Amino acid sequence: MSTEKRLSLYLHIPFCSTRCGYCHFNTYEGLERLFEPFTAALRAEVANTAQRLAGGWTLGTIFLGGGTPTHLPLTHLASIMRSLREQFRGTDDIEITSESNPSHISEGYLAGLREAGVNRISFGAQAFDEGLLKMLDREHSAAQIGEAVRQARRAGFANLNLDLMYGLPAQTLAQWSNSLDAAIALAPEHLSLYALTIDEGTAFIKRVQKGLLPEPDPDLAADMYLLAVERLAGAGFHQYEISNWARPAPSTGSGLALLASRHNLTYWLNEPYIGLGPGAHSYFAGRRFWNLLAPQVYIEKMRRGESVVADGETIGPSLEQAETVILGLRLNEGLARDRFYRRFGVPLDEVFGATLRQCAGWGLVADDGERVCLTTRGRLLSNEVFQRLLP
Ligand code: SF4
């Protein structure tokens, strides 16, 4: 009997050429001098982690995120990929994604990424309107998004995602509609649509507080979301998660096997993953833990052979159950009662029946006896459901 256990790996590359005003990620501009020592440190963390796991785990997905992974020189990224191959076994159908930006990318770089084993590319397109891109502090133009997609296709990427943002300050429904059409015209396999959140500590919140940017209108953002649901369904995309749409895999021609992000499905199915690099989070063996944030300190600690884990928490059974339901409800297929029972040995309704019935009464949850899922209205008000499920 096979004892193979699947694991997903996230690698955080904390560098960008400039910092966008809305960004709340652990990323830094002007740290190019750290590229070399950072690459050595990340390679060391890959090796240490493989040793700690002591075999028995096979990587099903790898995700290079950030930051902008492709801001690293190709030789560095290829060297990180080599260390992964040296240290880990991967499944035959391993999905290896890299995030990238449409600016500062070349066909040569993309071809090198493919050669290094990356088989899925995700571009932060965000908008196709020059004024909105400027407001977001993005370095690319709308035309560069199309050019990046064509370069990626020529470099051999057959699985490509575009990220788009809606609910932006002063964004109109017509601008959003144009962005959707422009994205559809580029025929990506996958689309991720995110509502802008204006977080503490960002340049955007200061601009809003000073009256330099209008606050986004949540009702208009909801209209944008509903427009996307309708427009993307018409264009042959299947929504499979609150913020994610995918085309059917070519071999099936049906909506059953989608070109979904298998890496992100790991998170939504509440399965184990390990995060490496500054600030990366892991969920493994009943614990959630995360690395320290500062790249310089990360590099120094790795150099001295010290742990880079900043902190962690044990996830007890009731929190694990709640998180499994909440994450499962993010998926359009929802949460299957038998999956919950197989994982926890207790019926879903024994723990969450009253809350789910209450949410169903408000029209936020649908229940066919086998599965529970969010309704369209429930997707718009998902936090109302999720907070009631937490212990
Ligand atoms: S490119 Fe992405 S990660 Fe980098 S600063 Fe902009 S939003 Fe943040």
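This section walks through the two domains, the salt bridges, the ligand shell and the cysteines of a predicted model.

The domain assignment splits the chain into domain 1, covering 5-268, and domain 2, covering 318-389. Measuring from C-alpha centre to C-alpha centre, the two domains sit 28 Å apart. They do touch: eleven residues of domain 1 make contact with eleven residues of domain 2. Putting the two together buries about 970 Å², and carbon and sulfur atoms supply 63% of that area.

As for charge pairing across this boundary, the count between domain 1 and domain 2 comes to one salt bridge. A salt bridge links Glu-241 to Arg-330, with 2.5 Å between the closest N and O atoms. Going by the domain bounds, Glu-241 falls within domain 1 and Arg-330 within domain 2.

The structure as a whole contains 20 salt bridges. Among them is the pair Glu-147 and Arg-154, whose side chains come together at 3.6 Å, N to O. Glu-147 has a relative accessible area of 32%, so this residue counts as partly exposed. Another of the salt bridges joins Glu-313 to Arg-288, and here the closest N and O atoms are 3.1 Å apart. Glu-313 and Arg-288 both have numbers that fall between the bounds of domain 1 and domain 2.

Turning to the ligand, the residues around it include a run of neighbours from the early part of the chain: Cys-16, Thr-18, Arg-19, Cys-20, Tyr-22, Cys-23, Phe-25 and Thr-27. Gly-67, Thr-68, Asn-101 and Arg-138 complete the set. Sorted by character, the shell holds five nonpolar residues, five polar ones and two charged ones. The charged pair is Arg-19 and Arg-138, while the nonpolar group takes in Cys-16, Cys-20, Cys-23, Tyr-22 and Phe-25.

Even with three cysteines listed in that shell, a search of the whole structure turns up zero disulfides. Cys-359 is a handy case to look at. The closest cysteine sulfur to that of Cys-359 belongs to Cys-373 and is 13 Å away, which is too far for a bond, because a disulfide needs the two sulfur atoms within 2.5 Å. Seen from the other side, Cys-373 is likewise in no disulfide, and the nearest cysteine sulfur to Cys-373 is that of Cys-359. Cys-359 is also buried, with a relative accessibility of 1%. Both cysteines have numbers within the bounds of domain 2.

Terms used
Residues numbered from 1 in each chain as written. Predicted model: local features only at pLDDT ≥ 70, side-chain atom pairs only at ≥ 80, totals over all residues. Heavy atoms only, no water. Near = heavy atom within 4 Å. Buried < 20%, exposed > 50% of the residue type's maximum accessible area, 1.4 Å probe, protein only. Domains from an automatic or database assignment. Contact = heavy atoms within 4.5 Å. Buried area = accessible area lost by both parts, 1.4 Å probe. Salt bridge = Lys/Arg side-chain N within 4 Å of Asp/Glu carboxyl O.
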